[in-house]
Amino acid sequence: FIGASLSLVVPFMALFVEELGVTGKAVPFYAGIAVASSSVTSAIMSPIWGSLADRYGRKPMMIRAGLAMTITMGGLAFVPNVFWLLFLRLLNGVFTGFVPNATALIASQVPKDRSGYALGTLSTGVVAGTLTGPFVGGFIAEIFGIRNVFLLVGGFLFLAAILTILFIKENFQPVPKEKALPTKELFTSV
């Protein structure tokens with residue numbers, strides 16, 4: 001669900017930007033920013049969310065990411081102009097981190113003799129979702145309209161958060177402070 005949710009909107013972002021009133025040569029510019037902005041802010045925020053996951057657990061970070069992205073991606077269905085689109089896409093990147101925390105959770109919780117299988121299954125699911133997302137998103141946008149795709153994505157993200165709350169178990173052991181890198185050092189190393 002997460003992999004598909006992140007790629008469902010890519011094929012029609014330029015059309016959505018036009019629907020929001022942008023015309024001419026500005027369309028590809030704003031569409032490019034709308035697609036890339038989430039990744040840029042995600043890259044900036046990832047070390048911070050990783051540090052918090054070391055302190056409070058991966059499951060809470062997955063729930064945080066799923067619920068926040070439900071609002072930011074689902075909210076795209078209601079944006080009145082391109083500036084709100086860009087704002088919500090930036091905000092989406094700020095709160096992402098579901099898949100990296102799922103990976104960390106699996107790596108820390110699954111018995112060593114099953115970790116390759118578990119991580120491979122997660123990776124396959126994310127890749128399958130990412131690859132099928134543009135096709136499904138384009139198909140749904142053609143039949144039901146672009147804004148309804150954003151509502152569907154919000155629903156997928158909410159479902160992922162609910163499934164995480166109900167079915168993911170974590171035996172969390174906080175990383176001792178002396179082993180954790182300070183945020184400044186973390187950014188320097190990146």
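**Core, kinked helices and a pocket**

Trainee: Which residues touch the most other members of the largest nonpolar core?

Mentor: In this predicted model, the largest nonpolar core holds 34 residues, and Phe 16, Leu 85 and Phe 150 are the ones that touch the most other members.

Trainee: And which helices supply at least two residues of this core?

Mentor: Helix H2 (13-19), H3, helix H4 (58-74), helix H5 (82-95), helix H6 (98-109), helix H7 (112-144) and helix H8 (146-167) each do so, and the largest share, 6 residues, comes from H8.

Trainee: Take Leu 85, then: what is it in contact with, leaving aside neighbours within four places in sequence?

Mentor: With those neighbours left aside, Leu 85 is in contact with Met 13, Phe 16, Val 17, Leu 20, Ala 34, Leu 76 and Val 79; of these, Phe 16 is itself named among the core residues that touch the most other members, while Ala 34 is one of the buried residues of H3.

Trainee: Since H3 came up, where does it bend?

Mentor: The bend, of about 40°, is at Met 45, and a proline, Pro 47, follows within four residues. Both Met 45 and Pro 47 are listed as buried in H3, along with others including Trp 49 and Ser 51. Even so, H3, with its 31 residues (26-56), reaches 43 Å from its first C-alpha to its last, close to the 45 Å expected at 1.5 Å a residue. After H3 comes Gly 57, whose phi is positive, near 115°.

Trainee: What about H7, where is the kink there?

Mentor: In H7 the kink of about 40° lies at Gly 133, shortly before the proline Pro 134, and Gly 133 is among the buried residues of H7, as are Gly 129 and Gly 137. The cover over the buried residues of H7 includes H1, H6 and H8. H7 has 33 residues and reaches 45 Å between its first and last C-alpha, close to the 48 Å expected, and the residue that follows H7 is Gly 145, with a positive phi near 100°.

Trainee: Changing topic, how many residues line the largest pocket?

Mentor: The lining has 18 residues, and Ile 2, Met 62, Phe 98, Ala 102 and Leu 122 lie nearest the centre of the pocket. Helix H1 (2-7), H6, H7 and H8 are the elements that give two or more residues to this lining, and about 400 Å³ of space lies in the pocket.

Trainee: Back to H8: is Thr 164 buried or exposed?

Mentor: Thr 164 counts as buried because its relative accessible area is 3%, under the 20% cut-off. Thr 164, which is placed in helix H8, is in contact with Lys 59, Met 62, Ile 63 and Phe 98 when neighbours within four places in sequence are left aside; Met 62 and Phe 98 are also among the residues nearest the centre of the largest pocket.

Trainee: And what does Ala 161 have as its relative accessible area?

Mentor: Ala 161, also in helix H8, has a value of 0% and is therefore buried. Leaving aside neighbours within four places in sequence, Ala 161 is in contact with Gly 66 and Leu 67.

Trainee: Last one: what does Thr 70 touch, not counting residues up to four places away in sequence?

Mentor: Thr 70, found in helix H4, touches Gly 75, Gly 154, Leu 157 and Phe 158 on that count. Thr 70 is buried, with a relative accessible area of 16%, and its C-alpha is 10 Å from that of Thr 96, although the two are 26 residues apart in sequence.

Note on methods. Residues are numbered from 1 along each chain as its sequence is written. This is a predicted model: local features need pLDDT of at least 70, side-chain atom pairs count only at pLDDT 80 or more; totals for chains, interfaces and linings use all residues. Side-chain values use heavy atoms; hydrogens and water are left out. The expected span of a helix is 1.5 Å times one less than its number of residues. The bend at a residue is the angle between axes fitted to the seven residues ending there and the seven starting there. Buried means under 20% relative accessible area, exposed over 50%, partly exposed in between (1.4 Å probe, protein chains only). A nonpolar core is a set of buried Ala, Val, Leu, Ile, Met, Phe, Trp, Tyr and Cys residues joined through side-chain atoms within 4.5 Å. Contact means heavy atoms within 4.5 Å. On a 1 Å grid over the protein atoms alone, a cavity is a set of points where a 1.4 Å probe fits but cannot get out, and a pocket is an open set with protein on both sides within 12 Å along at least five of seven lines; lining residues have an atom within 4 Å of a point. Grid points are joined across faces, edges and corners, and a volume is the space filled by probe spheres set on the points.
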